[in-house]
Amino acid sequence: MIDVISYTCIGVGMVFWFWGTSYLLGNRSVLFKLHSLSVADTLGSMAIIVGLLLKIPGVWPLLLLALIWLAIWNTMLGYVLAYCSSSAETANDTYE
């Protein structure tokens, strides 16, 4: 039963990866594309790590650390991108 749940988590993670990548083909702004990609990539990676945690419980400290750092890193990256895009917009308004 654990194997089925583990493979399901890994499969869901891969679906999230491809789903986030599909937004890159749209006609929206670059920031919307980056946001969609980063959210889907984070959720997909977390689902894959949970699937691996169920499959290989002997290395749970490393996988738990990877899960925590993945959440922190991608959250901080989102804030940095938002800050850079807002400062770039105000810089463009200044020069026009």
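This is a quick tour of the aromatic pairs and one nonpolar surface patch in this structure. Keep in mind that we are looking at a predicted model.

Let's start with the aromatics. How many aromatic pairs does a search of the whole structure find? The search gives 2. Take Phe-16 and Trp-19. Their rings sit 5.8 Å apart, centre to centre, with 45° between the planes. That pair is tilted, because tilted covers plane angles that are neither under 30 degrees nor over 60.

Now look at where these two sit. Both belong to helix α1, which spans residues 2-22. Phe-16 and Trp-19 are 3 residues apart there, so about one helical turn separates them. Phe-16 is partly exposed, at 22% relative accessibility. The cut-off for buried is under 20%, so Phe-16 does not count as buried. Trp-19 is partly exposed too, at 46%.

Trp-19 also pairs with Tyr-23. Here the centres are 6.1 Å apart and the planes differ by 55°, again a tilted pair. Tyr-23 has a relative accessible area of 33%, which makes this residue partly exposed. Put together, Phe-16, Trp-19 and Tyr-23 make one aromatic cluster.

Next, the surface patch. Which residues form the nonpolar patch? They are Trp-60, Leu-64, Leu-65, Ile-68, Trp-69, Ile-72, Met-76 and Tyr-79. Together they present about 860 Å² of accessible area.

Pick out Met-76 from that patch. Met-76 lies in helix α3, residues 60-95. Its relative accessibility is 48%, so Met-76 counts as partly exposed. Exposed would need over 50%.

That's the tour.

Note on methods: Residues numbered from 1 in each chain as written. Predicted model: local features only at pLDDT ≥ 70, side-chain atom pairs only at ≥ 80, totals over all residues. Heavy atoms only, no water. Phe/Tyr/Trp six-rings, centres within 6.5 Å; stacked < 30°, edge-to-face > 60°. Helix = DSSP H or I, 4+ residues; strand = E, 2+ residues; numbered from the N terminus. Buried < 20%, exposed > 50% of the residue type's maximum accessible area, 1.4 Å probe, protein only. Patch = residues over 30% accessible without salt bridge, like charges linked within 9 Å, V, L, I, M, F, W, Y side chains within 5 Å. Areas by Shrake-Rupley, 256 points an atom, 1.4 Å probe, with all protein chains shown as cover. Salt bridge = Lys/Arg side-chain N within 4 Å of Asp/Glu carboxyl O.
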